[in-house]
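Hi everyone, thanks for coming. I'd like to walk you through a structure today, and please look along as I talk.

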Amino acid sequence: MKKKVIKEILITAGIASFFLLFLSPIIIAVSGSLREVKDTSSYLKLFQVFSLESYKLAFSKMNYFRSLGNSVIITSVSVIFLLIFCSMAGYAVARLKGRLGGFFQIFFLAGMIISAQMSIIPMYRIVNSLGIGNTAIAPIALYITAALPFTIFLYSNFVKAGVPYALEEAAKIDGASMPYTFVRIVLPLTKPALVSIVITQGVPIWNDFFFGMLFLSSPAQKTLPLTMLNFIGDMENATQWNMLFAACFLSAIPILIVYIFLQRYFVSGLTVGAVKG
Amino acid sequence: MLFLLPALILYITFWILPVLMSFYYGLTNWRGLGTYDFIGLKNFEYLLQDGTLANSMKNTVVYAIFVVICGNIQSLTLAMILNMKLKAKGFFRTIFYLPALFSTIVVAFLWSYVYAPYYGMLSEFLSSVGIGLIPNFLGNPSTSLLATAFVEVWKTSGTMTIIYLAGLQNIQEEVLESARIDGCNAWQTIWHVKIPMLSNIITVNVMLGLIGGFKSFDFIFTLTGGGPGTSSSTLMYAIYKMAFMEGQYGKAEALAAFAFVFILAVSVVVLTVMKRREQEA
């Protein structure tokens, strides 16, 4: 018995040191962010000082609350409309009769190989000709669109496997309309798929800088990743790093908090599509 | 049918139409302003002679293969570790996913510190163990591409690990038990039982890594800017640079059309081959 305990301790220690190495960039950055702004001693001397000076500077340089608000609004609006549109389309794809359903499934799935950089100029022109350039609508519309291929695929597969068609037929016989059936019967049964979509798409939307960089130019519209983009020139400057580290964590803290509280949804959400698909 | 409408309108306006338009622009000498002429395949000829096509293709393929191989090895190993029955398992399962939560721009900051010459983590570490050379991983044409790909692996392995972990947990205890009774040691169980049973999960992760690798843009953009020279310029970055920094829209879209066909072809081939092997296994 004792031998087993020692073995477990040894294995745990081995794994812990592996993770220490794996996460060392994050650990050093935490320690660096807690130093005074002008401190340029070696970063490998961990946690020698505790100062919030770098955080204060980064906080004001990032215009933190405004950027945070912009990030929250853009991400939540995108995710809400994505949920509505992809569940409606995914349901239709799953229930369309004959070849049409199969056609639309492939048609949407094919979009996964498209990347925004490929058709950036036409995209830019379409956005401007619709009069939504330089408004938050442009990145929101593109976040939703870019997420549609994967989410429609995931949702329609989930409906096919997890929602018994007999249930919908019974509702129909009882005189329920299709929208009513969808909202009252299908949506509640597909909750795991919806959670999965929020997690797998919400995190990348929150973290994205590309569409924001293209379509949001005024400082008042900037999201957290976009304020980080402003600092990119400071990377060459060795004296700026404590402030940069603080900025990194300021922009990551909201999502780290969400992760700590909703961790089990992250695990289940990320595996809904993959293990079955 | 009406249910499809909102998604269909967005998808066609912002995703399909731009791609078709870029095929069209690829055949012109459009430079953003004024009129433009049809010049047929001249853009492709230019890209071939100029070496842009070959160089960015080569970089993209190297990058994608590196991401697929290292990403899968790393995340499968991580998943096996996290699947062990240990008391501290819960803690490890919380922290392994941290890199995947950070924005690519934040990850780029962290790693440009790690790679920085003199004061960077690797530099300081190497000099503290007595190796005097000062490496500049991002500033050296022979290492910049793989150094960037390594960051991509570090950031994306969390998601792949969760998928592998779910696959490992789906393997029934009886199967592992009977392997043990038949005299398999731990390694043999991994090689002959666990990995074959994960084959469809491996397909998912290889496709994820491959498509992610082909579409790689963020880390090239933030860490190296395609440089030094064009040593780390991938297809997506080359397209972006030609279009946005050099105003060569026609040429950029010709390269985009090429990239589209290339990614489509590779995805179809890889998916077919892996599906067939899966059925054999």
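I'll go from the overall build of one chain to its domains, then to the contact between chains, the core and a few single spots.

Before anything else, please keep in mind that this is a predicted model.

Let's start with chain A. What is it built from, helices or strands? Chain A has 14 helices and zero strands, so if you read the elements from the N terminus on, you meet α every time. How spread out is the chain? Its radius of gyration is 24 Å, while the globule rule gives 19 Å for 277 residues; that is well over the rule, so chain A is more spread out than a compact globule. Along the principal axes, its C-alpha atoms fill a box of roughly 75 × 70 × 30 Å. As for burial, 41% of the 277 residues count as buried. And if you take the contacts in chain A with a separation of 6 or more, 74% of them join residues 24 or more positions apart.

Now the domains. Chain A is assigned domain 1 (2–58) and domain 2 (61–276). Their centres, taken over C-alpha atoms, are separated by 33 Å. Where they touch, domain 1 of chain A gives 13 residues and domain 2 of chain A gives 13 residues. On the domain 1 side, the elements that give two or more residues are helix H2 (24–33) and helix H3 (53–61) of chain A. By class, that side of domain 1 has six nonpolar, four polar and three charged residues.

Next, chain B joins the picture. How many residues of chain B are in contact with chain A? There are 67, and they meet 66 residues of chain A. Helix H1 (residues 5–25) of chain B gives the largest share of chain B's side, 13 residues. That side of chain B divides into 51 nonpolar, twelve polar and four charged residues.

Let's move inside. The largest nonpolar core has 147 residues, and among those with the most contacts inside it are A:Cys86, A:Ala89, B:Ala7 and B:Leu255. Which helix gives the most to this core? That is helix H7 (residues 137–162) of chain A, with 15 residues. Both domains of chain A take part, with at least three residues from each. Take a look at B:Leu255 too: the residues it touches include B:Leu47, B:Leu53, B:Ile239 and B:Met242, leaving aside residues up to four places away in sequence.

Helix H7 of chain A also gives us a nice helix pair. General background first: two packed helices are described by the angle between their axes and the distance between the axes. Helix H5 (residues 99–109) of chain A packs against H7(A) at an angle of about 145°, and the axes are 8 Å apart. From H5(A), the contact uses A:Gln105, A:Phe108 and A:Leu109, and the residues from H7(A) include A:Leu148, A:Ile152 and A:Phe153. Six residues of this contact are nonpolar, two are polar and none is charged.

Finally, some spots away from the core. Helix H9 (residues 173–181) of chain B is hardly covered, with zero buried residues among its nine. After H9(B) comes B:Gly183, with a positive phi near 90°. Back in chain A, A:Pro254 sits in helix H13 (residues 241–261). Is A:Pro254 buried or partly exposed? It has 15 C-beta neighbours inside 10 Å, so A:Pro254 counts as partly exposed.

That's my tour, thanks for listening!

Methods
Residues are numbered from 1 along each chain as its sequence is written. Chains are lettered from A and ligands numbered from 1 in the order in which they are written. This is a predicted model: local features need pLDDT of at least 70, side-chain atom pairs count only at pLDDT 80 or more; totals for chains, interfaces and linings use all residues. A nonpolar core is a set of buried Ala, Val, Leu, Ile, Met, Phe, Trp, Tyr and Cys residues joined through C-beta atoms within 7 Å. A residue is buried if 20 or more other C-beta atoms lie within 10 Å of its own, exposed if 12 or fewer, and partly exposed in between; C-beta atoms are placed from the backbone. Helices (H or I, at least four residues) and strands (E, at least two) are DSSP runs, numbered from the N terminus. Domain bounds come from an automatic or database domain assignment. Two residues are in contact if their C-beta atoms, placed from the backbone, lie within 7 Å. The radius of gyration is taken over C-alpha atoms; the globule rule is 2.2 Å times the number of residues to the power 0.38. Ala, Val, Leu, Ile, Met, Phe, Trp, Tyr, Cys and Pro count as nonpolar, Asp, Glu, Lys and Arg as charged, and the others, Gly among them, as polar. Axes are lines fitted to C-alpha atoms, for helices over the stretch in contact, and angles run from 0 to 180 degrees between N-to-C directions.
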